[in-house]
Amino acid sequence: MRNTRRSFLYHDVASALRARIARGTYPPGERLPSLSELMEEFEVSAITVRRALTELTYEGLIRGHQGLGVFVKEKPRIHRVLAGDPDRSIGDEIARAGFTPRLEEIGFSEVEADDDVAARLRVPRGTRLFVHQKLTFANDEPVALHSWWLRPRLAKQLRAGLSERFIFPLLKERKFDVENLRCEFSATALPEEHAARFGLPAGSPMMRVDYTMATKTGAPTLIGRTLARADRFTFEVTLPQRRGRR
């Protein structure tokens with residue numbers, strides 16, 4: 001039991017430092033205590049402290065400067081992890097970065113599938129669908145716009161929770177099984193129609209993630225798109241290693 005506890009100590013150090021950054025104990029631009037000071041305070045080894053600092057660096061909370069120390073970044077990046085089972089929502093990642101997540105619904109309407117949506121859902125062009133859109137905020141700053149295209153039956157099942165819930169936890173709660181999740185990443189420019197929502201000039205660099213949820217046979221059941229600020233997000237994808245037969 002003692003060895004198991006020791007292996008997770010760096011998480012404890014990272015959590016404590018993360019909380020201090022969120023509370024403003026270490027404000028943006030401030031230098032963190034030295035390696036030796038953190039070792040003494042938390043009564044851990046140098047390796048443990050370095051692992052904790054590495055985790056916070058990956059999350060975009062801190063940055064090291066050679067010969068000067070480790071400093072809190074002015075604007076922490078939101079580290080979005082997409083693994084095989086996406087239990088952690090984008091709201092969880094925003095909170096983990098030290099911000100308060102908030103959703104704001106901006107649209108839910110019936111539409112006819114255009115060529116792009118029809119091709120991704122494998123339905124005839126003009127098929128009746130529902131599109132749902134909402135903004136995600138980190139504190140009071142809009143950082144991502146989510147759009148989802150749903151067939152009428154699924155839209156009816158999810159409608160009550162869509163305005164105030166993130167999609168992946170909502171699907172899990174409603175026992176909607178996602179057998180396969182395909183994510184396509186690309187760089188894009190902020191369209192004129194969404195510039196005012198983000199408070200940014202049209203053409204600002206953005207990250208685009210297109211989602212396709214499918215059954216075991218590969219038939220798409222739900223598609224979505226996230227438009228995220230390129231300066232605020234880091235997306236991470238976990239790929240399980242395939243082992244060959246011996």
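**Reading spaces and contacts in a predicted model**

Guide: The largest cavity has a volume of about 120 Å³. Keep in mind that this is a predicted model.

Visitor: How many cavities of 30 Å³ or more does the structure hold?

Guide: First the general idea. Rolling a probe the size of a water molecule over the atoms shows where empty space is left. Here the structure holds 1 cavity of 30 Å³ or more.

Visitor: Which residues line the largest cavity?

Guide: Start with the aromatic names: Trp148, Phe166, Phe168 and Tyr211 are among them. Ile90, Ile167 and Pro169 also line the cavity. Arg80, Lys134, Ser89, His146 and Thr226 complete the list. By class, the lining divides into 7 nonpolar, 3 polar and 2 charged residues.

Visitor: Which element gives the largest share of that lining?

Guide: Helix H8 does, with 3 residues. Strand S6 (141-150) and helix H8 (167-173) each supply at least two.

Visitor: Now the pockets. What is the volume of the second largest pocket?

Guide: About 290 Å³. Of its 16 lining residues, Gln133, Ser147, Glu193, His194 and Arg225 are the closest to its centre.

Visitor: Which elements supply at least two residues each to the lining of that pocket?

Guide: Take the strands: S5 (128-138), S6, S7 (180-189) and S9 (220-229). Then the helices: H6 (115-121) and H9 (192-198). The largest share, 3 residues, comes from S6. The lining of this second largest pocket divides into 7 nonpolar, 4 polar and 5 charged residues.

Visitor: Next, helix packing. At what angle do H3 and H4 pack?

Guide: Look at the two axes. Helix H3 (residues 35-42) and helix H4 (residues 46-58) pack at about 105 degrees, with their axes 9 Å apart. Angles of 65 to 115 degrees count as roughly perpendicular, so that word fits H3 and H4.

Visitor: Which residues meet there?

Guide: From H3, Leu35, Leu38 and Met39. From H4, Ala46, Val49, Arg50 and Leu53. The residues of this contact divide into 6 nonpolar, no polar and 1 charged.

Visitor: Last, charges. How many salt bridges does the count come to?

Guide: The idea is simple. Side chains of opposite charge can pair when their charged atoms come close. In this structure the count comes to 19 salt bridges. One of them joins Arg102 and Asp140, whose closest N and O atoms are 4.0 Å apart.

Visitor: Where do Arg102 and Asp140 lie?

Guide: Arg102 lies in strand S4 (residues 101-112), and Asp140 in the loop between S5 and S6. The pair therefore ties together parts that are 38 residues apart in sequence.

Key
Residues are numbered from 1 along each chain as its sequence is written. This is a predicted model: local features need pLDDT of at least 70, side-chain atom pairs count only at pLDDT 80 or more; totals for chains, interfaces and linings use all residues. Side-chain values use heavy atoms; hydrogens and water are left out. On a 1 Å grid over the protein atoms alone, a cavity is a set of points where a 1.4 Å probe fits but cannot get out, and a pocket is an open set with protein on both sides within 12 Å along at least five of seven lines; lining residues have an atom within 4 Å of a point. Grid points are joined across faces, edges and corners, and a volume is the space filled by probe spheres set on the points. Helices (H or I, at least four residues) and strands (E, at least two) are DSSP runs, numbered from the N terminus. Ala, Val, Leu, Ile, Met, Phe, Trp, Tyr, Cys and Pro count as nonpolar, Asp, Glu, Lys and Arg as charged, and the others, Gly among them, as polar. Axes are lines fitted to C-alpha atoms, for helices over the stretch in contact, and angles run from 0 to 180 degrees between N-to-C directions. Angles under 35 degrees count as roughly parallel, over 145 as roughly antiparallel, 65 to 115 as roughly perpendicular and the rest as oblique. Contact means heavy atoms within 4.5 Å. A salt bridge is a side-chain nitrogen of Lys or Arg within 4 Å of a carboxyl oxygen of Asp or Glu.
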